[in-house]
Amino acid sequence: RGAALATAALVAFNPLLVWYSQEARPYSLLVLLCALSLLFFVRRRTWAWAAASVLALLTHYFAAFLVVPEAMWLVWVCRPRLRAATAAAVVAAVGIGLIPLAAHERSKIGTGYIEGLSLRRRAIGVPEDFLTGLVVKFDATWEQLVEALALAVAAVGVWLARRAGVLAMGVLALIAAGVPFLLAVAGADFLNTRNVIAACVPFLIVVGAGFALARPAVTAAGVGVLCAIGVTTTAVVAADTTYQRSDFRGSADALGPGETPRALIVPGVAGEVAYGEYLDGLSRMPATGAAVTEVALVTPRSSKLGGAAVARPATVPTLPPPFRLAERRYADAYTLIRYRAPRPTEVRPADLSRAAAPVVHGATVLVQR
């Protein structure tokens, strides 16, 4: 019971889980379904485990790194073995059925935004992010001190957990985060915190169970410090706009409505979808090009994600005549560079993407009429 209460507190105050609970993306649902999978795994309720595991796989492919070792363990220990093996086979069949979809999505979506940070930094960042929610790496001293404190306190909990009988939770957390790391080393690099968030709950179980075995004062201090860090970082992130999500709305407002045909160079598919919510008349520019009188490079930016110079080249990209630079706006949350021509001029998306490379990573070129 003490381990359960300590873990519940760590989960409830966890800033990473608070952050993703505010989004329509699948990570919060993934954590819920993986937690249910863990519950039924521990209780050896094989068919309930299979249902939760299937739903987790349908939510995010990386749930496989948690449910596969669970399946192997259930087949090994459960009796009658046939029931566990059948449940595992159902989960495996769903996973295999998802492979063509995963391959298709991989061919359409690049991983440059992941590989932009060093693998070593991302690997170290996973346990830091699980504790502090600071999912981008900073230079500020206070952030480094907070992360160091959280890691030190959690390390005490993990050390105490050696007597807690939660070896399986520790192994599951290591596999769920460690296998993607090994794949990244091998060249299939998808490692970032949110992709391995399925490992968060078993990791917190280990920490919570460890502190639950200690004296009451140590339990209160360890869990209390981690919860206080969670509240603090959650409040700071909510109050500071530089920690916020990509400011597509602000950059779209700065861009304004299109009065003449113009080309927009935006960051990838995400930019195409997001700006489509705020700007009318957008479509993907055909490979043959289009005639426009304005070209705009527009992208959200975060100095804390990519550094102070991200999307702020010292030398603005040039476009061939008759386009001339009309505006350069380096705001805190976005970059907008605008070019105008005195008459409609034919441009091609391949040429614009190359020109925009110093500003917009993985550009998609749109046309607005």
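**View 1. A buried glutamate meets a partly exposed arginine.** With a relative accessibility of 16%, E23 counts as buried. R25, at 38% relative accessibility, counts as partly exposed. In this predicted model, R25 and E23 form a salt bridge whose closest N and O atoms lie 2.9 Å apart. As general background for this and later views, side chains of opposite charge can pair when their charged atoms come close. The count for the model comes to 11 salt bridges.

**View 2. A nonpolar patch on the surface.** Here we meet four leucines, L29, L32, L36 and L39, which form a nonpolar patch. Together they offer about 310 Å² of accessible area. L29 belongs to helix α3, which covers residues 27-43. Its relative accessible area is 42%, so L29 is partly exposed.

**View 3. L131 and its surroundings.** L131 sits in helix α8, formed by residues 119-132. Its relative accessible area is 6%, so this leucine is buried. Setting aside neighbours within four places in sequence, L131 is in contact with P15, A150, L151, A154, F203, L204, L226 and I229. One of these partners, L226, is 95 residues away from L131 in sequence, yet their C-alpha atoms are 7.3 Å apart in space.

**View 4. The open sheet of 6 strands.** Following the sheet across, the strand order reads β2-β6-β1-β3-β5-β4, and the pairing is mixed. At the edges are β2 (282-284) and β4 (324-330), each of which pairs on one side only. Neighbouring strands are turned against each other by 25° on average, with direction ignored. For orientation, strands of a sheet pair through backbone hydrogen bonds, either parallel or antiparallel.

**View 5. Strand β5 and its two antiparallel partners.** β5 spans residues 334-347 and pairs with β4 in the antiparallel sense over 6 bridges. The two strands, β4 and β5, make a hairpin with 3 residues between them. Within this pairing, Y330 stands opposite T335 in β5, while R324 has R340 as its bridge partner. β3 is also joined to β5, by 10 bridges, and these strands run antiparallel as well. R340 appears once more here, with E294 standing opposite this arginine of β5.

**View 6. Helices packed on the sheet.** Helix α14 (residues 268-278) packs on the sheet and touches β1 (262-267), β2, β3 (290-300) and β6 (363-368). The direction of α14 makes about 125° with that of β1. Helix α16, made of residues 349-356, lies across β1, β3, β5 and β6. This helix, α16, runs at about 125° to β6.

**View 7. A salt bridge between helix α14 and strand β2.** The side chains of E272 and R284 meet in a salt bridge, 2.6 Å from N to O. Because E272 lies in helix α14 and R284 in strand β2, the pair ties together parts that are 12 residues apart in sequence. E272 is partly exposed, with a relative accessible area of 22%, and R284 also counts as partly exposed, at 47% relative accessibility.

**View 8. A further pair and a charged network.** R348 and D351 meet through their side chains in a salt bridge of 3.2 Å, N to O. R348 is partly exposed, with a relative accessible area of 45%, and D351, at 32% relative accessibility, counts as partly exposed too. Elsewhere, salt bridges that share partners join R262, E294, E327, R329, R338 and R340 into one network.

Technical notes
Residues are numbered from 1 along each chain as its sequence is written. This is a predicted model: local features need pLDDT of at least 70, side-chain atom pairs count only at pLDDT 80 or more; totals for chains, interfaces and linings use all residues. Side-chain values use heavy atoms; hydrogens and water are left out. Two strands pair if DSSP finds at least two bridges between them. Helices (H or I, at least four residues) and strands (E, at least two) are DSSP runs, numbered from the N terminus. Axes are lines fitted to C-alpha atoms, for helices over the stretch in contact, and angles run from 0 to 180 degrees between N-to-C directions. Contact means heavy atoms within 4.5 Å. Buried means under 20% relative accessible area, exposed over 50%, partly exposed in between (1.4 Å probe, protein chains only). Patches are made of residues with over 30% relative accessible area and no salt bridge: like charges are joined within 9 Å, nonpolar side chains (Val, Leu, Ile, Met, Phe, Trp, Tyr) within 5 Å. Accessible areas come from the Shrake-Rupley method with a 1.4 Å probe; for residues, only the protein chains shown count as cover.
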